[in-house]
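Reader: I would like a close look at one part of this protein. Please keep it brisk.

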Amino acid sequence: MTSQVLRTSFARGRITLLRRTVTEHARRHGLTGGRLEDFVLAVNEVATNAVLHGGGHGRLRMWSHGGRLWCEVSDEGPGLPAGWMGDGRPPERLDHRGRGLWLTGMLCDQVMIVSGPAGTTVTFAALCD
């Protein structure tokens with residue numbers, strides 16, 4: 001059974017509030033300890049990407065399904081650049097781009113990215129404790 005947890009929008013200057021809200025809701029739906037910290041860090045990274053590269057704002061949706069807490073972050077930016085590959089390799093040491101999505105892949109159990117000229121949606125999940 002799927003349970004809606006949170007649906008909200010965010011913008012530049014509101015990421016701290018978003019992290020607090022996500023932490024509160026995620027804790028209530030079964031994430032604790034390191035899993036909670038990793039999930040909130042992933043939300044921070046993906047939401048920051050939406051703000052910086054996706055038009056200055058975005059939408060977040062969280063739900064619980066199948067023993068996992070899911071999060072979807074969407075923006076209306078131009079999409080990921082041509083040739084971008086989420087191949088799981090860490091970004092080059094001096095490369096300042098791509099770290100947020102790479103880190104999300106390392107912190108979460110599942111990550112899906114859909115991107116095009118109308119925006120990017122990143123969906124990820126963490127197993128509930």
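Which residues have the most contacts inside the largest nonpolar core?

Author: A word on the source: this is a predicted model. The largest nonpolar core holds 28 residues. Phe10, Val22, Phe39, Leu60, Met62 and Phe124 have the most contacts inside it. Several elements each supply at least two residues of this core. Among them are strand 1 (3–11), helix 1 (15–28), strand 2 (57–65), strand 3 (68–74), helix 3 (99–107) and strand 5 (119–127). Helix 2 (33–53) is also on that list. Helix 2 gives the most, with nine residues.

Take Met62. Residues up to four places away in sequence are not counted here. Met62 touches Gln4, Val5 and Leu6, and also Val22, His25 and Ala26. Its other contacts are Phe39, Leu69, Trp70 and Cys71.

Now the helix pair. Helix 1 and helix 2 pack at about 145°, and their axes lie 10 Å apart. Their crossing is right-handed. From helix 1 come Ile15, Leu18, Arg19, Val22, Thr23, Ala26 and Arg27. They meet Leu36, Phe39, Val40, Val43, Asn44, Ala47, Thr48 and Val51 in helix 2. By class, this contact has 10 nonpolar, three polar and two charged residues.

Last, strand 5. Thr123 sits in this strand. Thr123 counts as buried because its relative accessibility is 11%, and the cut-off for buried is under 20%. Leaving aside neighbours within four places in sequence, Thr123 is in contact with Trp63, Trp70, Cys71 and Glu72. Gln110, Val111 and Met112 are also in contact with Thr123.

Methods
Residues numbered from 1 in each chain as written. Predicted model: local features only at pLDDT ≥ 70, side-chain atom pairs only at ≥ 80, totals over all residues. Heavy atoms only, no water. Core = buried A, V, L, I, M, F, W, Y, C linked by side-chain atoms within 4.5 Å. Buried < 20%, exposed > 50% of the residue type's maximum accessible area, 1.4 Å probe, protein only. Helix = DSSP H or I, 4+ residues; strand = E, 2+ residues; numbered from the N terminus. Contact = heavy atoms within 4.5 Å. Axes fitted to C-alpha atoms, helices over the stretch in contact; angles between N-to-C directions. Left-handed = near helix turned anticlockwise from the far one by under 90°. Nonpolar A, V, L, I, M, F, W, Y, C, P; charged D, E, K, R; others polar.
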